[in-house]
Amino acid sequence: MLHVLIALIMTFFWNEARAESVADFYKNKQINIVVGYGTGGAYDLYARLLSRYMGQNIPGHPKIIVQNMPGAGGVRAMEYLATQAPKDGTWIGAFASGPLLDPVIGARKPP
C-alpha cells in the first residue's frame, strides 16, 4: 500500500527535468578524444581516423579534437578522464584494456 501512495505522490508532484535534444547539446561544442599513447601509434591512428568522420555523424556536428596524453601505459589518460575531465559526454578515451582490467582480473603472466 505504501508503494502505491509513493507512486501517486511522485506522479502529481514530481517535476521532470526537460532534456535538450542531442543536436542541441552538441551544437557548437567540441568532443575531445584522449589517446593514452604517443603520436603515430595504432590507437592514435584509430582516433584520428575516427575523428575525421565522427563529427559528421553526431547530431549537432561537434568539432572533434584528438589529444595525446602518453604516460604509464595509458593510465595517465585514464586517471585524467576519471578525475578531471567533465562527465558530460564531450570527453572520450582511447587506450588498451590492459591497464584498466589488470587490477580487476590480475596481470597477465608471460608464457
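This section describes the fold of the protein chain, its sheet and the surroundings of Lys 63.

The model is predicted. The protein chain holds 111 residues, and buried residues account for 24% of them. Its secondary structure consists of five helices and three strands. In sequence order, these elements follow the pattern α-α-β-α-β-α-β-α. The accessible surface of the protein chain is about 8,200 Å². Carbon and sulfur atoms contribute 62% of that surface. Contacts were also examined by sequence separation. Among those between residues at least 6 apart in sequence, 68% link residues at least 24 apart.

The three strands form an open sheet. Their order is β2-β1-β3, and the pairing is parallel. Strands β2 and β3 occupy the edges. Each has a single partner strand, so one side of each lacks a neighbour in the sheet. From one strand to the next, the twist averages 25°. Strand β1 covers residues 30-35 and pairs with β3 in the parallel sense. Four bridges make up this pairing. Strand β3 spans residues 91-94. Within β3, Ala 94 is the bridge partner of Val 35.

Two helices lie across the sheet strands. Helix α3, residues 42-57, lies across β1, β2 and β3. Its direction is at about 170° to β2. Helix α4, residues 75-83, lies across β1 and β3. Helix α4 runs at about 160° to β3.

Attention then turns to one residue of the edge strand β2. Lys 63 belongs to this strand, which comprises residues 63-68. Is Lys 63 buried or exposed? Its relative accessible area is 53%. The cut-off for an exposed residue is over 50%. Lys 63 is therefore exposed. Contacts of Lys 63 were considered without its neighbours within four places in sequence. On that basis, Lys 63 is in contact with Lys 29, Gln 30 and Ile 31. Gln 30 and Ile 31 fall within strand β1, which covers residues 30-35. In the sheet order β2-β1-β3, β1 stands beside β2. Lys 63 is also 9.0 Å from Lys 27, C-alpha to C-alpha. These two lysines are 36 residues apart in sequence.

Conventions:
Residues numbered from 1 in each chain as written. Predicted model: local features only at pLDDT ≥ 70, side-chain atom pairs only at ≥ 80, totals over all residues. Heavy atoms only, no water. Buried < 20%, exposed > 50% of the residue type's maximum accessible area, 1.4 Å probe, protein only. Contact = heavy atoms within 4.5 Å. Areas by Shrake-Rupley, 256 points an atom, 1.4 Å probe, with all protein chains shown as cover. Pairing = 2+ DSSP bridges. Axes fitted to C-alpha atoms, helices over the stretch in contact; angles between N-to-C directions.
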